[in-house]
Amino acid sequence: MSLLRRIDNKGGGSGGSSGGSGGTEPLGGGENESSKLAAMQQRRQALVEQRGASTGKNNNYLDLKTRVQNKLLSELDHQSVDVSRKTEVRAHIEELFNAILADESIVISRGERLNLFEAIVAEILGFGPLETLLADDTITEIMVNGPKNIFIEQKGNISRANIAFENDEHVLRILDRIVAPLGRRIDESSPLVDARLPDGSRVNAVIRPISLVGPTITIRKFSKKPLTVDDLIRFGTMTKEIADFLRACIIARLNIIVAGGTGSGKTTLLNVLSSFIPNNERIVTVENAAELQLRQEHVVTLETRPPNLEGKGEITIQDLVVNCLRMRPDRIVVGECRSGEALDMLQAMNTGHDGSLTTLHSNTPRDTISRLEVMCLMAGVDLPVRAIREQIASAVDLICQQNRLRDGSRKIEKITEVQGMEGEIITMSDLFEFEQTGIEGGKIIGRIRPTGLRPKFIERIEAAGIHLPPSVFGIGRSY
């Protein structure tokens, strides 16, 4: 029973009953008024005591943790331990930890002892309070909004996490541990950074003075075992027919754009599509922060570099796309097109580098085309819009539109073929689309169905030795 409820029951004789019958008694009852006031004062005092006890307990725990942790660090410094050998260091820390508790005659329960030890190990060897969240495979996103407000995403739903940092400096210390091994920095002169964790999870961080709430960290976690096409079929993101169709498109070396909003699963789908690339082809990936998890043998990963303290040495996505054309790639995979690199990507698709893949942010396939036009104009080349549209129409074969629905599920919403130009307009046709049929228990019910149209590039698929049955496109089937 909660503290407030116990207080209500304890003082309830006159206060509780009078509160319930207040609607029938006159407002001027002096005894009734005084009992209400007494109950309110009692509740307020109990809340103050509860908060004080909780704060005192937290402070005692933090003091103990800090004291033991500092003593451990000084002992480790004297012994010059190689921190990279984590298993040995952990065993050594445990030995010192037990010795320190024994020397200081600190008596705590077994559970508290274990929690304290794990927290200290996470501070010394890992990422502090984030370690428990990173170890939980059900969490897909971690959002740190200052030291005390941490949120997580699980199964598409966002909730508050039951952890906290001590202060801003604590967050910055963990953040430095993330970005330092990558040769990146974050400080007042460079308050934004993109990075990655050792497992490939994507990290974005913003600190003061840009972030007014304190250091902000957003971690997009990747599963330790990369999702496969079978997983996406099981989740309902795609169907078996769509998987067979996309595999055929990759093998036939069609140029594909994966489009969608933030958190819609574009990178996951790009990983799955890239898994269809034959193992004997040379793949060059270009990313801001390397997060693609390709399993082929012949893969070259390129990553951008921010400018140094003098503002020099920056390597952009556009620089890497231009350079990778000289690296004899069979396939070019660009993590995301955001700016002028889109024009260089289209040029590559049009000059013999078929089978290229990339992602970009957009809400519909038509928006994807519009965004490509805008990004080509951002390259700084004075081209007429018609010339850009002709480049897009001849380079892009397929747009895979991914979306995150209101219930948190991720679906392929449309698969659209780019057919060519008619006058000034790029013509497209939907091959597959998601059809919502209802909502049950807060979950969106629907199906991804073919539209009944065969793509114009079906001959290229058949030339690659793949013959898809007409039923894949809904021909001869009723829905």
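Me: Which residues of helix 9 are buried?
Reply: In this predicted model, the buried ones are Ile242, Ala243, Phe245, Leu246, Ala248, Cys249 and Ile250.

Me: And how far does helix 9 reach from its first C-alpha to its last?
Reply: It reaches 17 Å with twelve residues. That is close to the 16 Å expected at 1.5 Å a residue.

Me: What happens just after helix 9?
Reply: Arg253 takes a positive phi there, about 65 degrees.

Me: Back to the buried side chains. How many residues are in the largest nonpolar core, and which have the most contacts inside it?
Reply: The core has 42 residues. Phe245, Leu246 and Ile461 have the most contacts inside it.

Me: Which helix gives the most to this core?
Reply: Helix 9, residues 240–251, with seven residues.

Me: Ile461, then. Leaving aside neighbours within four places in sequence, what is Ile461 in contact with?
Reply: Its partners include Phe245, Ala248 and Cys249, which are buried residues of helix 9. Ala252, Ile466 and Leu468 complete the list.

Me: What does the second core include?
Reply: That core is separate and has 33 residues. Among them are Val286, Leu302, Cys337 and Leu346.

Me: Switching to strands. In what order do the six strands of the open sheet run?
Reply: The order is 3-2-1-6-5-4, with antiparallel pairing.

Me: Which strands stand at the edges, and why is one side of each left without a neighbour?
Reply: Strand 3 (157–160) and strand 4 (192–196). Each has a single partner strand, so one side has no neighbour in the sheet.

Me: By how many degrees are neighbouring strands turned against each other?
Reply: By 15 degrees on average, direction ignored.

Me: How many bridges do strand 1 and strand 2 pair over?
Reply: Five, in the antiparallel sense. Strand 1 covers residues 139–145 and strand 2 covers residues 150–154.

Me: What stands opposite Ile139?
Reply: Gln154, in strand 2.

Me: Which helix packs on the sheet, and what does it touch?
Reply: Helix 7, residues 168–179. It touches strand 1, strand 4, strand 5 (202–206) and strand 6 (216–220). Its direction makes about 55 degrees with that of strand 4.

Me: Now the whole protein. How many helices and strands?
Reply: There are 15 helices and 15 strands.

Me: What share of the 479 residues is buried?
Reply: Buried residues make up 43%.

Me: How much area does the protein expose?
Reply: About 25000 Å², with carbon and sulfur atoms supplying 51% of it.

Note on methods:
Residues numbered from 1 in each chain as written. Predicted model: local features only at pLDDT ≥ 70, side-chain atom pairs only at ≥ 80, totals over all residues. Heavy atoms only, no water. Core = buried A, V, L, I, M, F, W, Y, C linked by side-chain atoms within 4.5 Å. Buried < 20%, exposed > 50% of the residue type's maximum accessible area, 1.4 Å probe, protein only. Helix = DSSP H or I, 4+ residues; strand = E, 2+ residues; numbered from the N terminus. Contact = heavy atoms within 4.5 Å. Pairing = 2+ DSSP bridges. Axes fitted to C-alpha atoms, helices over the stretch in contact; angles between N-to-C directions. Expected span 1.5 Å × (residues − 1). Areas by Shrake-Rupley, 256 points an atom, 1.4 Å probe, with all protein chains shown as cover.
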